[in-house]
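Thanks for asking me to look over this one with you. Have the structure open while you read, and turn it around as you go.

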Amino acid sequence: MEQKAMEDDLIRLFRKMIKIDFSAYLQGISREEFYMMGTIEEYFEREKDAEGMNVSAIAKALDVSSPAVSRMLRGMEQKGYIMKQVSSQNRRNTLVRLTGKGVQAYERARKELDRLLLKVMDYMGQRDMEEFIRLWNKLAGGFIEEYRLCKAAIHTKGDGHNERQI
C-alpha cells in the first residue's frame, strides 16, 4: 500500500472511531464523569484506607489541568456522585471520594460498557484483539511522542531565544 493511501485510511479510521458514541452505554453519565469515577474507584482499590483522592492526583491520572478537574468535580458533587473534604494531613488539599450514588452510577455504566466490549471482542476474536491492542498502543505511542516534540518546539519558539529544530 502506498504511503498516501495509508495516511488516508488512517484518517478515515480515526473519523470512524470518533463517531462512535460510547455515552449511549454509560447510563446517563458523561464520558468524562465515567473516566473520573473510574480513576477514583481504582485509587481506592489500591489505597483502601485512604481518606480520599487528591484533586491534583486525579488531574495527573487523567492528564488534565487541576482547574478542569475542579470544575468537573463541582458538577459531580451537585449530582451527588462525589463528596469532597479537606485533608486532615494538609488543610490545603481537597480530597475526593465517590458516594454510594456515585459508585452505583459507575458500576451500572461499567457493566453496560463491559457488555458492549465483550460483544466487540467476540466479533474480533482473541488473537485479533490482542494484536489490535498491541498495535494501537504502538500507534498511540508514536502520536504521543510526536505531540510531545511538537509542544516542546512550540514552547521554545515562543521566546525567540531557544529555537529548536525538529
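Here are my notes, point by point.

1. First, keep in mind that this is a predicted model. Everything below describes that prediction, so to speak, as it stands.

2. Start with two helices. Helix 2 covers residues 31–46 and helix 3 covers residues 55–62. They pack at an angle of about 115 degrees, and their axes are 10 Å apart. The crossing of this pair is right-handed.

3. Which residues of helix 2 and helix 3 meet? On the helix 2 side, look for Tyr35, Met36, Thr39 and Ile40; on the helix 3 side, find Ile58, Ala61 and Leu62. Sorted by class, that contact of helix 2 with helix 3 has six nonpolar residues, one polar residue and no charged ones.

4. Now find the sheet. It is open, built from three strands in the order 1-3-2, with antiparallel pairing. Strand 1 (53–54) and strand 2 (82–86) stand at the edges with a single partner strand each, so one side of each has no neighbour in the sheet.

5. Zoom in on strand 2 and strand 3 (residues 94–98): they pair in the antiparallel sense over five bridges. To see one, pick glutamine 85, whose bridge partner in strand 3 is leucine 95.

6. Helix 2 turns up again here, as it packs on the sheet and touches strand 1, strand 2 and strand 3. The direction of helix 2 makes about 95 degrees with that of strand 3.

7. Last, the aromatic rings. How many aromatic pairs does a search of the whole structure find? The search gives six. Try colouring Phe14, Phe132, Trp136 and Phe143, which form one aromatic cluster.

Conventions:
Residues are numbered from 1 along each chain as its sequence is written. This is a predicted model: local features need pLDDT of at least 70, side-chain atom pairs count only at pLDDT 80 or more; totals for chains, interfaces and linings use all residues. Side-chain values use heavy atoms; hydrogens and water are left out. Axes are lines fitted to C-alpha atoms, for helices over the stretch in contact, and angles run from 0 to 180 degrees between N-to-C directions. Helices (H or I, at least four residues) and strands (E, at least two) are DSSP runs, numbered from the N terminus. A crossing is left-handed if the near helix is turned anticlockwise from the far one by less than a right angle, and right-handed if clockwise. Contact means heavy atoms within 4.5 Å. Ala, Val, Leu, Ile, Met, Phe, Trp, Tyr, Cys and Pro count as nonpolar, Asp, Glu, Lys and Arg as charged, and the others, Gly among them, as polar. Two strands pair if DSSP finds at least two bridges between them. Rings of Phe, Tyr and Trp (its six-membered ring) pair if their centres lie within 6.5 Å; planes under 30 degrees apart count as stacked, over 60 as edge-to-face and the rest as tilted.
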